[in-house]
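Here are a few short exercises to work through at your own pace. Have a go at each task before you read its solution.

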Amino acid sequence: KESKQEEVTEVLDEEQSPFVHKPLVTHLYTADPSAHVFNGKIYIYPSHDIESEVLEDDMGSHFDMKDYHVFSMDNPVAEVIDHGAVIKLEDIPWAGRQLWAPDAAQKDGKYYLYFPAKDKNDIFRIGVAVADSPTGPFKAQPEPIKGSFSMDPAVYEDEDGSYYLYFGGIWGGQLQWFEDQKLVEGRKGPTDGIPAHEEKALMPFVAKLSNNMLEFSEKPREVLLLDKNGEPIKAGDNEKRFFEASWVHKHNGKYYFSYSTGDTHFIAYGIGDNPYGPFTYQGNILNPVQGWTNHHSIVNFEGKWYLFYHDTELSGKTPLRNIKMTELIHNADGTIQTIDPMKK
Ligand code: FUB
């Protein structure tokens, strides 16, 4: 009797969410999907994973991406269209290697692609490229954003028309090499500069963007992530501390800051009252996926919330990922239901 009940539940789940846990793109490897609704359609700005000769290490050197593709969907169950390569590494004057997780924004008919790359000194900076269409082609600014460092930019447009750029990531993301937003000479490895276990964890950063969307309009501020006792999350609290993959969405007047916990592989989140935080840790949005990295975005389409994420179903290899999407549910008390990506 019990197994019959399980079968029925599974069929219902599939009917409600026909796209659950299926790769959205199969002809390329794609990861870190940043999704937005522009002009009534869903646009996805992911990383484009490729096979690379570069050996795997704890700095993520094997994530050796060289261009970005943009994808669109008319709605959450529509066909996914690949709009091709919209910008290439060789077209970015200041960049040396590794086009990691990007994001995009729309303002006054222009589209802005924010992307991290290592500069010619092998230090991650964040660049911006501009287009007249959400599907590019994007033209890079000659220099990275002044004062930018580390990676994984995520842009949030607030209801008052302000745009905030969140960024940062530890280990391969190099955040631990910076103090007071300045590179500390001699730091080289993934843990050089990581605080001791009982100390405050390294936190992500945020800066409001200038009116032209090309610069920070203020010095980046630390985004404080607090535990339920109001204390900053500690560096040794690996299941909760920030690692990379910032994202912000707003629901019922509250700001949700979500992120990857890296070596514990969760997408966790905190809730706050304004875009700068602090954000109080609530739990996990997404349990570990297949593959080492976990990276997501959250978007509202016609009143329903969707989670975009990736795993390695197609390749079985960490640096060759495939993007996916599923529905995301906020409970009546504002918390988010944890999604188990392994549940078929
Ligand atoms: O795709 C390269 C890096 O892997 C991203 O920047 C991180 O968030 C992780 O997903």
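**Exercise 1. List the residues around the ligand and sort them by class.**

Step 1. Asp32, Ser47, Met65, Trp100, Ala101, Met151, Asp152, Glu244, Thr293, His295, His310 and Arg321 surround the ligand, where a residue is near if one of its heavy atoms lies within 4 Å. This is a predicted model, in which local features need pLDDT of at least 70 and side-chain atom pairs count only at pLDDT 80 or more, while totals for chains, interfaces and linings use all residues. Residues are numbered from 1 along each chain as its sequence is written, and side-chain values use heavy atoms, leaving out hydrogens and water.

Step 2. The shell divides into 4 nonpolar, 4 polar and 4 charged residues. Here Ala, Val, Leu, Ile, Met, Phe, Trp, Tyr, Cys and Pro count as nonpolar, Asp, Glu, Lys and Arg as charged, and the others, Gly among them, as polar.

**Exercise 2. Find polar contacts of the ligand (pairs of N or O atoms within 3.5 Å), and say how much of its area the protein buries.**

Step 1. Start with Asp152: an N or O atom of its side chain is 2.5 Å from a ligand oxygen.

Step 2. Ala101 uses a backbone N or O atom, 3.5 Å from an oxygen of the ligand.

Step 3. For Arg321, a polar side-chain atom lies 2.7 Å from a ligand oxygen. Of the 280 Å² that the ligand exposes when taken alone, the protein buries 99% (Shrake-Rupley method, 1.4 Å probe).

**Exercise 3. Trace the pairing partners of β14.**

Step 1. Strands are DSSP runs of E with at least two residues, numbered from the N terminus, and two of them pair if DSSP finds at least two bridges between them.

Step 2. β11 (residues 163-167) pairs with β14 in the antiparallel sense over 4 bridges; Leu165 has Ala207 as its bridge partner in β14.

Step 3. β14 is also joined to β15 (residues 221-222) by 2 bridges, again antiparallel, with Val206 opposite Arg221.

**Exercise 4. Is Glu198 buried or exposed, and where does this residue lie?**

Step 1. Glu198 sits in the loop between β13 (182-183) and β14 (205-208).

Step 2. Its relative accessible area is 56%, so Glu198 is exposed (buried is under 20%, exposed over 50%, partly exposed in between; 1.4 Å probe, protein chains only).

Step 3. Ser217 is 19 residues from Glu198 in sequence and 34 Å away in space, C-alpha to C-alpha.

Key. Polar contact = N/O pair within 3.5 Å; in protein donor to acceptor, adjacent residues only side chain to side chain.
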